[in-house]
Amino acid sequence: MATMRTLAPSGRRLTATSRVGFDTLPDQYVNREQQRGFRFNIACIGETAIGKSALLDSLFDTDFEQKPHNHDEEPHVEHSCKVVSEGGVDLQLTITCSVGYGDQIDRTDTYKPLLDYVDAQFEEYLQEELKMNRQLHSYTDTRVHACLFLVSPTGTCLKSMDLVALKKLCDKVNVIVVIAKADTITKSELERFKQTLREEFAANGLQLFQPEVDTNQYPLAVVGSQEKVVIGGESVRVRQYPWGIVEVENDDHSDFLRLRNLLLRTHLEVLRLSTHTTFYERYRQRRLVDLGFAPSGRHTSTSGADGDAEDVPESLTEVYEQKRRQYKELMARKEQQLKEQFMQKVNEKEGEIRKIEKELRGKRDELVNIHRSEEAKIKAALQALARDRAAWQAECEARRKEEMSKDSKKKDK
Ligand code: GTP
């Protein structure tokens, strides 16, 4: 039996007297990861024309070329993929945008296409993990690492439609709530709105992604734009109004930079990691329970104390054996059912054949009787004909004889 030895907290710490080389481990790790490439999958949900495209373009300083959508479109998701490079690091981005969210008369399920998409990516990853020859090192991981949830700057409270969607999404993905079009709300209204939202999130137990920094800043309120102007020799993203301009990347104008730093500079790896360790793990456990595995710590056995407890397997072999047993039982039941159905059909057919035979026998007897009576009639007719013929022949003979005697009498005279 293998024994595991661990160092006590006061264990000896040895320092190599000459350079051994394992201090290059972090470099090796970085090289490996850089070769593998970095992926970041981000989703964005919010009502039509709330500013999703403008925000995403501003965040990655690119143009995802997303077309505006009408209010009558069926809810669905759209994707754009891009590789963005910075300092020799390539980031493969997948942007998934919800379309038609909150636009239907019945708005209850308009968040579902995005939720289904998130689940579908977990399922794909799980299926790859369960394969005999899995290729996780080269697998294109499309699991969603973060979901930007854009709420309207109403200044009042969270819309019930957003609350329902948030509750569902928080369970599956790192949700970052963002107040959109922050330039359309006054500073004091925004502060009050943020406070109201924080209270609503807490009251509804929403587990949003929120790094432990000044929580009063959250939810972040942002401005997005697809327009750039040159200010002081620098190209700057702005929204221009008759009374002045709003700079997207100006901390005094919105929390845009905070959001971008959080997403891309300080917490990108945290988001990727928690997607795997928290949300995917949660999905995996639920799916394995669906497949027949016992949730950890709930293993019971028929040989246990109460004897009649259900045997819920924990290992893949046990699950396989249990499924095989269940499958064989099912097949045996189906075979028995098929046999019974077959015998029933055979009996039915035999009954039908017996009935047809009886009918045919009856018809044959009837025909024989008809035939016999016809035969008797024909025989009687033949006999009558023979009698007539004999009488006619006798009459002819008599006439011939009479003629002959007349002729001989004439000659004698
Ligand atoms: P759909 O894809 O059609 O749902 O739209 P969207 O959510 O991607 O919104 P989009 O970015 O296309 O912006 C819609 C409108 O809102 C455009 O006229 C934008 O200029 C405007 N807009 C976007 N961001 C902001 C913002 O931060 N403030 C203000 N005031 N307007 C904005």
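**Exercise 1. The shell around the ligand**

Work out how the residues of the shell around the ligand divide into nonpolar, polar and charged in this predicted model, and find which helix gives the most to that shell.

*Solution.* Start with the classes: five residues of the shell are nonpolar, eight are polar and four are charged. Next, look at who they are. The ligand is surrounded by 17 residues, and G51, K52, S53, A54 and K181 are the closest. Finally, turn to secondary structure: helix α2, spanning residues 52-60, contributes three residues, the most to the shell.

**Exercise 2. The nonpolar core**

Describe the largest nonpolar core and say which strand supplies its largest share.

*Solution.* Begin with the set itself, which has 59 residues. Within this core, the residues with the most contacts are C147, F149, L169, V175, V178 and V222. Strand β4 (residues 146-151) provides the largest share of the core, with six residues. Such grouping fits a familiar trend: in soluble globular proteins, nonpolar side chains tend to be buried together.

Now zoom in on V178. Set aside the neighbours within four places in sequence, and V178 is in contact with L148, F149, L150, P219, L220, V222 and L259.

**Exercise 3. A three-stranded sheet**

Trace the open sheet that contains β7, β8 and β9, and explain why one side of β7 and of β9 is left without a neighbour.

*Solution.* First, the order: the three strands are arranged β7-β8-β9 in an open sheet with antiparallel pairing. β7 and β9 (244-247) lie at the edges and each has a single partner strand, so one side of each has no neighbour in the sheet. From one strand to the next, the twist averages 60°.

Second, take the pairs in turn. β7 (residues 228-231) and β8 (residues 234-241) run antiparallel and are joined by four bridges. Here V229 is opposite V236 in β8. The two strands make a hairpin with two residues between them, and G232 in the turn has a positive phi of about 60°. On the other pairing, β8 and β9 are antiparallel over four bridges, with V238 opposite E247 in β9.

**Exercise 4. The whole chain**

Give the counts of helices and strands, the share of buried residues, and the weight of contacts between residues 24 or more positions apart.

*Solution.* Count the elements: the protein chain has eight helices and nine strands. Then take burial, where 22% of its 413 residues count as buried. Last, consider contacts with a separation of 6 or more: residues 24 or more positions apart account for 64% of them.

Key: Residues numbered from 1 in each chain as written. Predicted model: local features only at pLDDT ≥ 70, side-chain atom pairs only at ≥ 80, totals over all residues. Near = placed C-beta within 6 Å. Nonpolar A, V, L, I, M, F, W, Y, C, P; charged D, E, K, R; others polar. Core = buried A, V, L, I, M, F, W, Y, C linked by C-beta atoms within 7 Å. Buried ≥ 20, exposed ≤ 12 C-beta atoms within 10 Å, placed from the backbone. Contact = placed C-beta atoms within 7 Å. Pairing = 2+ DSSP bridges. Axes fitted to C-alpha atoms, helices over the stretch in contact; angles between N-to-C directions.
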